[in-house]
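User: Could you walk me through this structure and show the reasoning behind each label you use? I would like to see how the values lead to the words.

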Amino acid sequence: MTGPVLSYLGETRLELGPLDGVEPTGNWRVATDAAGITWLGLDKAGSGTNTISEDVLRELADHVERIETERPRAVVIRSTKSSGFAAGADIGGFSDLEAGGAEELLRQGHDVLDRIERLPCPTVAVIHGQALGGGFELALACDRRILITGGAVGFPEVRLGLHPGLGGTFRLTGLIDPTEAMTLMLTGKTAHAGKARKLGIVDVVTEERHVAAAVETFAQGDAPDRATGWKARAMNLKQGRQLAARQMRSKTAKQAPQDHFPAPHALIDLWEEYGDDPNAMQKAEIASFARLLEGDTAQNLIRVFFLNQSLKAAGRGDSGISRVHVTGAGPMGRDIAAWAAIKGHHVTLGDVDASALGAAVKSARRTCEGAHLSPAQTRDALDRLMPDPRGYGVPRADLVIEAGPEDPDLKAKIHADLVARMKPNAILASNTSSLGLASLADALPSPQRFAGLHFFNPVPKMQLVEVVSHDRTDADVTDRLAAFCGTLGKLPARVRDYPGFLVNRALTPYLMEAMMLVDEGVDKETVDGAAIRFGMPMGPVTLADQIGLDICLHVAESLRANLDKPMAEIPGWLREKVDKGETGRKAGKGFYDWSQGTPEPGDAPEGPADLTDRLILPILDACVECLRRDVATDEDQVDGAMIFATGFAPFRGGPMHYARTRCTGEVKARLEALAEAHGNRFAPDDGWSSID
């Protein structure tokens, strides 16, 4: 048998039916079973993940032409890769298109999917893993959809500055409640098994072993008809769509202003105008997608996609890490332990506080729920996570992660206890966010096997992890840690030891300048509003509350003590708030009252003319400093790290890309003007002179 035939999804063998043992021709495997059902297996050549590319669609057209002649009882389309159905369209193919090429390519794709939709026999998509973007649109062209337990469907195009372009806009709104369909497309969120079935996107959610039976049911035409609800009928009237569209625009504008994110607004326009005419909506979808593709927002967000791929590539390889011990069951340690267990590692979690370990297990169960694990998968993950108050797991661990408080003396004590029990080739990593690794390494007998592994909070949601090396760290250690991050589904950024490393070095001046502005009398809502208008996901004052004012204060004090460059003064009232326990979201109160959920700054008044530059340009300057000092590898790594760790306005392509777009000379001159007006903390770094 070939490798793909033995592929597994989790621990479940793919039931490939007659495709089992068939070698691919190009990007597809094709076979017809004894019952007269033709199976098309997508197996993208040269890739572990399926994407919908020009060659995939061209070959599919040839297979459809043959099926139109042979007229089988039914057609099944599924993936033969264990990684999932399809991750979406081939973004690289779109990025290489010349003007006008996108419309022609889309028309060809639409023609293939339209022909599948018109086939006289039942067509069934069998989806395991994820069917996203173009992959989901391929599934929507089929009559029926079978979703394997644990799978999900969705349209993430909005995150690329686009909307669905292969028929998703009219097929999904025609299949389910149009407002639910629009919500999925506007938010870019995925619908997991339960929701996908409830909405009517899929007809069956089942296990792999039941696929053949479900296919036979559909081949016999025994599936029940879908009911059309009153809301769907109302949306066939232009007046109904106009009312719904106004509400959508109002809600969308709060999350994605049209100036920065035109795609969701273009999608609303499409549906409002053509929602009752699939043919007209199809033509408008193609034209709208092509226009968006040529815009700056889409080009920058496509750039972000490739930054993601580049960071992901740094996490490939064999980590050699199976067993993990985490010391410290606080919020960070317990989340790191839970996530590692969810991703298949055997994890022991140590802490001197038994109640913290009990809370960690409860938290891990919630993390499993948030990751949409099935009951069986949750049970398996929790079985792999073992509370370990006496540290019995330390001698067996391949990797020991210290996640204790940011106290160098306490960390040194913890490290001494751990290294005395660790096996000789194990790696010790600290989750410190600001302490210098070199000084921590001085106390260790084997500093070459010590590095930083800086996760961001909340661990399950934040994609980036800084893999931090000091001068004595073995290259093999950072390679293994980066690969370990890859097994967690995280994006590793390999950086060098420096105060704040990369992300906190760049983020802290932004947060502290916000504190300075508040100290000068600018309303916190005005400060946050300026950052949000620039494109940040939340304002710096809200972000400081989210991180924890105690943590922000600690990092700021650490950087002020260890950087050559001055930073904004730390207001005395900030220390007073921390001393009173008003540390932000976790305490229920910081700058904002969090008792009613995440605060919203609302329509804040305009602030000082230089407000936005005072907030944003220190980020750019710190990034240049990190490049000059070789803390980061290159500008792309900086941009990716800042986007995926802090949410830096992704439609601007990252801080360094923004600096180049704005013109680095102009940014440097602006920093000089701010330094003249507000002090040397704005003085441009020497590295600006070496950036063209």
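Analyst: Happy to! This is a predicted model. Let's begin in the sheet, where V347 has L385 as its bridge partner in β14.

User: What makes β13 and β14 a pair of strands?

Analyst: The cut-off is at least two bridges between the strands. Three bridges join β13 to β14 (residues 385-387), so the pair meets that cut-off. The two strands run parallel.

User: And how do you know that β12 pairs with β13 and with β15?

Analyst: The reasoning is the one used for β14. β12 and β13 (residues 346-350) are linked by five bridges in the parallel sense, with V324 partnered by V347 and V326 partnered by L349. β12 is also joined to β15 (residues 399-402) by four bridges, again parallel; there H325 has V400 as its bridge partner. With a threshold of at least two bridges, both count as pairs.

User: What kind of unit do β12, α14 and β13 make?

Analyst: They make a right-handed β-α-β unit, with helix α14 covering residues 331-342. The hand follows from the view: with the strands pointing away from you, the path from the first strand over the helix to the second runs clockwise.

User: Why is β12 called largely enclosed?

Analyst: Because four of the five residues of β12 (residues 323-327) are buried. β13 gets the label on similar grounds, since four of its five residues are buried.

User: Why is R115 called buried?

Analyst: The cut-off for buried is under 20% relative accessible area. R115 has 16%, so R115 counts as buried. R115 sits in helix α3 (residues 101-118) and, leaving aside residues up to four places away in sequence, touches A61, V64, E65 and E68.

User: R71 and F501 both have a positive phi. Which of them is buried and which is exposed?

Analyst: R71 has a relative accessible area of 58%; exposed means over 50%, so R71 is exposed. F501 has 0% relative accessibility and therefore counts as buried. As for the backbone, R71 has a phi of about 50 degrees in the loop between α1 (54-70) and β5 (74-79). F501 has a phi of about 55 degrees in the loop between β19 (491-496) and α20. Neither R71 nor F501 is a glycine.

User: How do you know that the peptide bond between N457 and P458 is cis?

Analyst: Omega is the value to check, and for this bond omega is about 0 degrees. P458 lies in the loop between β17 (450-455) and β18 (464-469).

User: Which residues of α21 are buried, and what covers them?

Analyst: In α21 (residues 524-534), T526, V527, D528, G529, A530, A531 and F534 are buried. Their cover includes α20 (503-519), α22 (540-547), α25 and α27 (655-662). Just after the helix, G535 has a positive phi of about 125 degrees.

User: What makes a group of residues a nonpolar core, and which residues have the most contacts inside the largest one?

Analyst: The members are buried Ala, Val, Leu, Ile, Met, Phe, Trp, Tyr and Cys residues joined through side-chain atoms within 4.5 Å. The largest core here has 96 residues, and L464, Y510, L615, I616, I619, L620 and F648 have the most contacts inside it. Helix α25 (residues 611-628) gives the largest share, 11 residues. Apart from this core lies another, of 69 residues, among them C121, M235, A244 and A298.

User: Which residues does L615 touch?

Analyst: Not counting residues up to four places away in sequence, L615 touches Y510, E513, A514, L517, V527, A530, A531 and P540. V527, A530 and A531 are among the buried residues of α21.

User: Finally, why is the protein chain called as compact as a globular protein of its length?

Analyst: The globule rule gives 26 Å for 692 residues, and the radius of gyration is 27 Å, close to that value, so the description fits. The chain has 28 helices and 19 strands, and its C-alpha trace spans about 75 × 60 × 50 Å along the principal axes. Buried residues make up 55% of the 692. Of the contacts between residues at least 6 apart in sequence, 71% join residues at least 24 apart.

Technical notes:
Residues numbered from 1 in each chain as written. Predicted model: local features only at pLDDT ≥ 70, side-chain atom pairs only at ≥ 80, totals over all residues. Heavy atoms only, no water. Buried < 20%, exposed > 50% of the residue type's maximum accessible area, 1.4 Å probe, protein only. Contact = heavy atoms within 4.5 Å. Rg over C-alpha atoms; globule rule 2.2 N^0.38 Å.
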